[in-house]
Amino acid sequence: METRRGFLPPLLLLLLLQALLCTSARGGGIAVYWGQNGNEGTLADTCATGRFSYVNIAFLIKFGGGQIPELNLAGHCNPATNSCRVVSDGIRACQRRGIKVMLSIGGGVGNYSLSSREDARGFSVYLWNNFLGGGSGSASRPLGDAVLDGIDLDIELGSPLYYDDLVKYLKRLSKYGRKVYVTGAPQCPFPDRLLGAALNTSLFDYVWVQFYNNPPCQYTSGNSENLENSWTRWTTSVNAGNIFLGLPAAPQAAGSGFIPADVLTKEILPVIRRSKKYGGVMLWSKYWDDQSGYSSAIVNAV
C-alpha cells in the first residue's frame with residue numbers, strides 16, 4: 001500500500017516514539033558537593049539554580065571506633081553551637097524541588113574508620129536517628145529536624161573494612177520509613193581500594209566515580225581514551241542504579257583531571273551516554289562551580 005506523503009504508518013510512528021523514549025531515558029542529572037566553603041551560598045540557593053538533581057552535604061569527618069561523630073561544614077555554621085540546624089530549611093527547600101539531598105561521610109580530611117561489624121551497625125543507627133528518619137528528637141540532630149534522603153560514602157582515608165556492612169545496615173533501615181538512598185564516590189582506578197567491597201554489595205543507588213587526581217584513568221589534554229576505557233570498566237563491572245562521571249568544576253578544584261566544558265559536551269558525553277547505567281555528572285564543588293560557571297555550560301548536554 002502506498003504511504004501518503006508526510007504520513008507515517010502507525011507502526012513506524014510507534015517505533016519512533018519508543019526510540020525517543022529510550023533516548024530521553026538516558027538523560028542525566030548533575031550532582032554537586034556543598035558544604036566545604038562558606039562563600040558558596042546557602043543550600044537553598046544551590047537548589048534554586050535549577051541545575052542540580054542531587055546535593056551531597058559535605059562532610060561528617062569523624063566517626064567509628066568509639067569516637068563521637070563530628071560534622072564539618074566549613075564556614076557555613078558551627079555544629080558545636082547547634083547553628084547548623086538552620087540547614088533544615090535548605091534541605092526541605094531542595095526536596096520540594098525534587099532534589100535528593102545526602103549527607104556525605106568521610107572526605108579527604110578527618111579521622112574515621114569502622115572497627116567491626118557491630119561498629120558499622122551502631123553507626124548506621126546513629127545516622128538513622130540524627131540525619132535520616134529516626135526519632136531521636138530534633139534537639140540532638142546536627143542539621144535539625146529535616147530528614148535527608150540518604151548517605152553518601154566518600155571514603156578516602158583509613159581502612160576499607162566494614163563499609164559493606166554499613167551499606168547493608170543502611171539499606172535495611174528503609175523498611176522503617178521512606179527509602180534510604182546510598183551513594184558513593186570511589187576513585188576511578190578499578191577496583192576502588194576503600195569502597196570496592198562495599199560496591200560489591202550491589203546496593204548503591206548512585207555511584208559518582210572521581211575521574212580526577214588519578215592520571216591513569218582521567219582526561220588529559222587532547223586524550224580521552226583513558227577516561228573512556230575506565231568508564232566502560234566501571235559501567236560494565238559495578239551493579240548500581242546509576243553511575244556518574246565525577247569531575248572538578250574548575251581547574252583549581254583538583255590537582256588534575258579538569259575537562260573544558262566544550263570538550264565534555266562535544267566529545268566525551270556523547271560517548272559515555274551510550275551506557276545504560278549513565279546517570280549524569282558529579283561536580284566538586286558548588287564553590288568552584290560558582291567561580292567557573294561550569295554547570296551552566298554543561299547542563300543542557302548532561
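**Figure 1. Helices and strands of the whole chain.** The chain holds 10 helices and 10 strands. The model shown is predicted. A compact globule of 302 residues would have a radius of gyration near 19 Å, and the value for the chain is 20 Å, which agrees. Along the principal axes, the C-alpha atoms fill a box of roughly 75 × 40 × 35 Å. Of the contacts with a separation of 6 or more, 73% join residues 24 or more positions apart.

**Figure 2. Surface and charges of the chain.** The accessible surface is about 13600 Å², and carbon and sulfur atoms account for 51% of that area. Buried residues make up 49% of the 302 residues. The chain carries 27 positive and 22 negative charges, and the mean positions of the two sets are 8 Å apart.

**Figure 3. The largest nonpolar core.** This core contains 77 residues. Those with the most contacts inside the core are Ile57, Leu60, Ile105, Leu127, Leu143 and Leu153. Helix α8 (residues 261-272) gives the largest share of the core, 6 residues. A second, separate core has 17 residues, among them Tyr54, Met102, Ala254 and Met282.

**Figure 4. Surroundings of Ile105.** Neighbours within four places in sequence are left aside here. Ile105 is in contact with Leu60, Phe63, Phe123 and Leu127, among others. Its further contacts include Ile151, Asp152, Leu153, Asp154, Ile155 and Leu166.

**Figure 5. Helix α5, residues 163-172.** Because 7 of its 10 residues are buried, helix α5 is largely enclosed by the rest of the structure. The buried residues are Tyr163, Asp165, Leu166, Val167, Tyr169, Leu170 and Lys171. Leu166 of this helix is also one of the contacts of Ile105.

Conventions:
Residues are numbered from 1 along each chain as its sequence is written. This is a predicted model: local features need pLDDT of at least 70, side-chain atom pairs count only at pLDDT 80 or more; totals for chains, interfaces and linings use all residues. Side-chain values use heavy atoms; hydrogens and water are left out. Helices (H or I, at least four residues) and strands (E, at least two) are DSSP runs, numbered from the N terminus. The radius of gyration is taken over C-alpha atoms; the globule rule is 2.2 Å times the number of residues to the power 0.38. Buried means under 20% relative accessible area, exposed over 50%, partly exposed in between (1.4 Å probe, protein chains only). Contact means heavy atoms within 4.5 Å. Accessible areas come from the Shrake-Rupley method with a 1.4 Å probe; for residues, only the protein chains shown count as cover. Lys and Arg count as positive and Asp and Glu as negative; His and the chain ends are not counted. The place of a charge is taken as NZ of Lys, CZ of Arg, CG of Asp or CD of Glu. A nonpolar core is a set of buried Ala, Val, Leu, Ile, Met, Phe, Trp, Tyr and Cys residues joined through side-chain atoms within 4.5 Å.
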